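New to this one? Have a look at the fold first, and then we can walk through it together.

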Amino acid sequence: MNKLRTFSCLSCAAAVGALVVFAPTQAAEVEITWEEPESYSDVRPANESRKRFRERTLKDLEEHITELASELPESQVLSMTVTNVDLAGQVWPSQFVGFGSGAGSDVRIIKRIDIPRMTFSYSLSNSDGQVILSGEDVKLKDMDFMESNIRHNRTESLSYEKAMLNDWFADTFSTQVAAND
């Protein structure tokens with residue numbers, strides 16, 4: 001079994017056969033390592049193969065982080081090693097929650113108690129490779145995700161997780177973004 005999987009935006013997009021979305025030219029470089037994604041707490045699909053859903057989910061999260069990093073100076077490199085992802089909600093068989101006779105379909109039910117979480121380490125380096133900011137074993141979670149996400153588009157894929165990343169990015173890199181303006 002492969003203990004470590006590294007996906008770049010290009011390789012992950014190619015793996016799921018999607019079009020590659022390139023980051024703006026005035027953006028920090030982003031390197032994300034998804035460590036043992038098969039063992040993440042909850043990247044479970046409702047009605048899709050686990051592997052395809054996991055690849056699509058990680059690709060979506062990586063593209064979002066890359067979009068956030070477009071605010072950082074292009075001379076910088078944001079490196080992240082993600083060790084766990086726990087999506088908002090839980091997946092249940094449809095017959096358990098009153099949606100049909102259970103013909104093999106599942107549903108993701110979002111309740112306040114099933115908060116989105118992500119665990120990772122990160123470093124932001126300048127063009128000389130010197131680390132400007134870093135964090136080890138960051139345990140990101142949004143306990144108020146249902147209220148705080150009212151301002152975000154709930155119909156967007158992974159809206160709770162993306163809102164959580166938006167808040168973390170703004171809190172963590174605000175001085176770097178201001179330096180880029």
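Here is a quick tour of some strands, how they pair up, and a helix that links two of them.

Keep in mind that this is a predicted model. A good place to start is strand 6, residues 117-125, where 8 of the 9 residues are buried. Strand 6 has strand 3 as one antiparallel partner, and strand 7 as another. Here is how the pairings look:

| Strands | Direction | Bridges |
|---|---|---|
| strand 2 (residues 29-34) and strand 3 | parallel | 6 bridges |
| strand 3 (residues 77-86) and strand 6 | antiparallel | 9 bridges |
| strand 6 and strand 7 (residues 131-141) | antiparallel | 8 bridges |

You can pick out individual partners too. V82 has F120 in strand 6 as its bridge partner, and S79 sits opposite S123 in that strand. Moving over to strand 7, L124 is bridged to L133. Strands 6 and 7 make a hairpin, with 5 residues between them. Look for G129 in that turn: its phi is positive, about 85°.

Now back to strand 3. Since 7 of its 10 residues are buried, strand 3 is largely enclosed by the rest of the structure. On the strand 2 pairing, T33 stands opposite T81 of strand 3. To get from strand 2 to strand 3, the chain goes through helix 2, and this β-α-β crossover is left-handed.

What about helix 2 itself, and how many of its residues are buried? The count is 14 of 20, so helix 2 is mostly covered. Helix 2 takes in residues 50-69, and at 1.5 Å a residue it should span 28 Å; its end C-alpha atoms are 28 Å apart, so the two agree.

Key:
Residues are numbered from 1 along each chain as its sequence is written. This is a predicted model: local features need pLDDT of at least 70, side-chain atom pairs count only at pLDDT 80 or more; totals for chains, interfaces and linings use all residues. Side-chain values use heavy atoms; hydrogens and water are left out. Buried means under 20% relative accessible area, exposed over 50%, partly exposed in between (1.4 Å probe, protein chains only). Helices (H or I, at least four residues) and strands (E, at least two) are DSSP runs, numbered from the N terminus. Two strands pair if DSSP finds at least two bridges between them. The expected span of a helix is 1.5 Å times one less than its number of residues. A crossover is right-handed if, with the strands pointing away from the viewer, the path from the first strand over the helix to the second runs clockwise.
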